[in-house]
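Student: I'd like to learn how to read strands, interfaces and salt bridges in a model like this. Can we walk through it together?

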Amino acid sequence: MSPGELPQQNDQPLTARKAGLILCLDCHKVLPKEMEGEHCPRCGARVYSRVPNSIVKTWAWVITAAILFIPANLLPIMQVDYLGRIEQSTIMDGIIYFFQEGSYGIGIVILTASVLVPCFKIIGIVLILLSVQLHWKSWLRHKTAMFHFIEFIGRWSMLDIFVIALLQVLVHFGNLSNITAARGATYFTGVVIATMFAAITFDVRLLWDD
Amino acid sequence: MNSSEIKKKRGVSPIWILPAIALIIGAWLLYKAISEAGVEIVVHFKSAEGITPGKTKVIYKGIPVGLVKDVRVDPGVGSVSVIIEMDKRTKDKLVEDLKFWVVRPEFSAGKISGLDTLLSGVYIAVRPGTSKRPAREFVGLESPPPIAETAPGLHIKLKADALGSIRRGSGIFYRNIQIGSVQEYRLTKDQGVLISAYIEPEYAPLVKKNTRFYDTSGITVKGSLSGIKFHMESLSTLLYGGVGLYTPKGDVTSSKPAQNGDVFVLYKDRDEAEAWDTIRIHMPSAMGLSVGSKLVFRGVEIGAVSQMVFDEKKRITAFVQIQPEASFIMREDTKFWIVRPQVSINRIANLETVIKGTYLTCRPGSGGYADEFTIQQQPEVVEILRPGKRFILVTEDAESLSLGAPVFYKKIQVGEVVGFDLTPDGTRVKAQIFVEKKYEKLVKRSSVFWKYGGISVKVGWNGLKFRAGTMASILAGGIAFINPETSADKDIPASNGTKFTLYDSYSKAVDEVPDLKDRGLVLRLRTEDLEGISMGMPITYKHIQVGEVAGYELSKDGEDVLLEAVIKKKFAHLVGPDSIFWKNSGITVKAGLDGISIKTGPVKAIMAGEIAFMNPTGHKKAGPPKSIYSLFDSYEEATQEVPVLKPSGLHVKLVAKDSPGLSPGSPVYYKRIKVGEVTGLDLTEDGKGVEITVFIGEKYRHLLRSNSRFYNVSGLTVEAALGGVKVKSTSLKSLVTGGIGFINHGQDSGPPAQEGATYTLYSDYETALYADEIENGIDIILKSPTLGSIKKGAPILYKQIVVGSVSGYELAPDASEVLIHANIRAPYSAIVFEGTRFWNASGIHVRAGIFSGVRVDTETMETIMTGGIAMATPESPKERGPRAKNGSEFTLFPQGKDEWKKWSPKIDLPQ
């Protein structure tokens, strides 16, 4: 298909790619197809019709996130020393604790931010990747919306880590009481970072390609 | 476009390193989890109380070695299974006889343990086993297991009738140091209790084969006539029970050490543990003995009656437990008899048994071993083992004498009564006395013996010492002797067994023995009690010893004690018919806030006390001495009682509403110099007031005039000034004991006071000083909603000068306000008009405003401290109205207005 050609079929909507155009993702300048791989004359960023190796990179990040997700949830994330009594708790311990205490609001927030969101992100991205590779063309609009949502909430998954970091600094009373991050926190951070990178490296336009 | 030219590199993207790293981490974590996974075991407990899965740890010597994974109820058995994941490293140690028990906080009397579990929750403790057979299922214990029989140390068994307060963990104490503990106990087939005990290895050698164990729990209270014995080991054994041990002396080294498994008897208490052997004594009747009665040998308790039973002949058999040290009495010839009080009309003996209780005593004999005896009806003459001489004293009766009664020479006990017997004709008593070798030469052929005492007194030898052992001799009286100097035989020592006559008293001896008459004058002194009096106590005249106490007896009416005093012949002329005798018992300490005065007699008198006498007129009155004199307790008492000695001076009476802290002896001051004292306090005839008798010394009597005024100086005067606060009290002593001062008003002091004159006692100096002015002043009433800090005596100030005082206050009849009665004394009463304003000047008024600044209003410093009332009278006659009269009523304002304070009316004060 040469640039400028009209689409042959009506059920195949015309895309910029079909029209032989490239959008600079940084300054949104529309460039001809021939500029592929070169620098945008306006902002100097490299322009691609589709982000190269996007699928592979995203897969790699998502798999990393999925693997790290297991120790992040199984290992204790926080260690509380209270009068010499050391207690380590995993994410789920904390959630169960809040639910048992009747603090359902906090429990739900932590459950959402620490378990549901990473889970949702991993599953969501895997689903999108599979859609691209297996050419599942249904619900494209919803999938796109989901992807943007995943991109948006990525940063909120760090809530847990922030809380632990804050507590570690605030609760520091020598022998009386201390809070420190436990091993699980590292893995959890890894999960969050990996899912964020997965979202960044994915080119959502691939969903719409034939 | 040639598609064949398009060659895409199909290498693995480097991004895959990330999941690879993640995988490696995951794999490593997995490996670690698997490799570190512990060994799962099951422990069955009766209850899983406090055990939390995932939290409760298994701790060995403070180190966590396992974690409870799960808790399940065992089907049907009524127990619970606790699934524990043990540390992998303990795998080899998981053997059959591993012991698990739950450690919970324990608060029981005397022991708090497991405190750490309060915070950390309960934990499961574990003790390693010795078996080699591995196991994964165990039965948990409810309490810490006993120390294993194989553990180093000594494992012994104690047999007891009852457990008492001993329980698991009760300590075993040797000289109050815990050397072991009770591990377990169980009932034996013969209804006893068998206690397993463990002694720590380092103390194991302390336990011998013949060591005795006894229960130290609780308090032992043993009461008998001879006193109450109160015994308690440490507080913890009181609360938690304990076992003591004791190895009889002499056996400590000879006996072999105890071995594991040895069984000992656990005695109820130490006394029982110490008891060595039991002897049986047959007697026709109990004769006052009872279970617990002592066996005494030479005054020392060596055993006690443990049981009294009837034997086959219906006699009584007493079982007496004897201390090991006294086992020498278990000989065939040993004689036992009972010592008990003998009270009859003419004879009181063995008085000590009234206090101590009837007791058994014995005279050890020789012969073979015996543990069965028959009681002796008659006491044996006590054999004296000490070297010395014996003498026989013949007397009409042995009244007041008992075995052991002391024999005195001068003031020293030189021997004792060791036996009584009747003379062959049965009319007289022979008392055998024993005089110690050291003193035996003091007994001469001419010695004269007499009895003294026989009454209950609280004195030791010199009035200084109380010796329980010699209590009896004091109770029972004793014997004294002297050697008349004029006798021909005075230098010949008496030989052993010499007979003497024992006189009933010194005076009787004087009557009978002519040699004694030369010794001096015998007087009798009557006193109420013998406190501080002892045999041989010196009698002094101007601190020179002129005689001594030779004896004492009860007066015929039995109410007083008559002392026999001997005044040496050369001093006999000093005693006249009006001589006064008093006790000079060494040190008189008079302590007051004004110092301590210590008055002592001669050193000898300090040690033993003395009896002093004097002739009040300074020289002896003519006439023969009286036969009986009164003995006063002190010189002061003598001066009170004997008119001649009474100090001269003036006695006057003061009338007051009450006695403000005064007591006899309270000082009377004039210009702060003590001039007399209060001698008596009494109610007035109508009972409404107090009549105080005051004595003014002769030297000062001219100071007291008929118009003198007395006032109370007790208590404190607080004087406040800008320079500070002065607290004034005439003397510290008057603060405590109270005191009275008097002043002479004005220049004209009036005629001298008369003996017995009556005065009024004013409440304070001011009242006394201004008595007339107050009388001539006016009494007004101030109405105030509250009393504020106004007190009785608070000053009324006019231009900061005190013009009167508050004399009292009361609630208005309708209780709506307070009526403060005040007196404005003359001539200032002229200042008070009906329009005069009164306000409360107590305290400090501080007013602060943004523009006005801070204003502090006070009247005088004194009013800040004590409260006070200020007044001002208006300048204009119209406003001030007529002059106030007695009973005029005014309003007491809480605060004065500024304009009032500026008022300065000119008023002529009457002179």
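**Strands, interface and salt bridges**

Tutor: Let's begin with a strand: β10(B) pairs with strand β13 (residues 193-199) of chain B in the antiparallel sense, over 7 bridges. Two strands count as paired if DSSP finds at least two bridges between them. Helices (H or I, at least four residues) and strands (E, at least two) are DSSP runs, numbered from the N terminus. Keep in mind that this is a predicted model, where local features need pLDDT of at least 70 and side-chain atom pairs pLDDT 80 or more, while totals for chains, interfaces and linings use all residues. Residues are numbered from 1 along each chain as its sequence is written, chains are lettered from A in the order in which they are written, and side-chain values use heavy atoms, without hydrogens and water.

Student: Which strand runs parallel to β10(B)?

Tutor: That's β18 (residues 263-267) of chain B, joined to β10(B) by 3 bridges. B:K159 stands opposite B:V265 in β18(B) and also opposite B:L194 in β13(B).

Student: How many residues of β10(B) are buried?

Tutor: Buried means under 20% relative accessible area, exposed over 50%, and partly exposed in between (1.4 Å probe, protein chains only). In β10(B), residues 154-160, 6 of the 7 residues are buried. For chain B as a whole, 42% of its 911 residues count as buried.

Student: What about the interface of chain B and chain A: how much area is buried there?

Tutor: The size of an interface is often given as the accessible area lost when the parts come together. Here it's the loss with a 1.4 Å probe, summed over both parts. That gives about 1300 Å², 77% of it from carbon and sulfur atoms. Across this interface the rule finds 0 salt bridges.

Student: So what counts as a salt bridge, and how many are there over all chains?

Tutor: The rule wants a side-chain nitrogen of Lys or Arg within 4 Å of a carboxyl oxygen of Asp or Glu. A search of the whole structure finds 9. One of them joins B:K69 and B:E85, with the closest N and O atoms 3.4 Å apart. B:K69 sits in strand β3 (residues 63-73) and B:E85 in strand β4 (residues 80-86), both of chain B, so the pair ties together parts 16 residues apart in sequence.

Student: Is B:E564 buried or exposed?

Tutor: B:E564 is buried, at 2% relative accessible area. Its salt-bridge partner is B:R524, at 3.8 Å from N to O. B:R524 is partly exposed, at 21%.

Terms used:
Buried area is the accessible area (1.4 Å probe) that two parts lose on being put together, summed over both.
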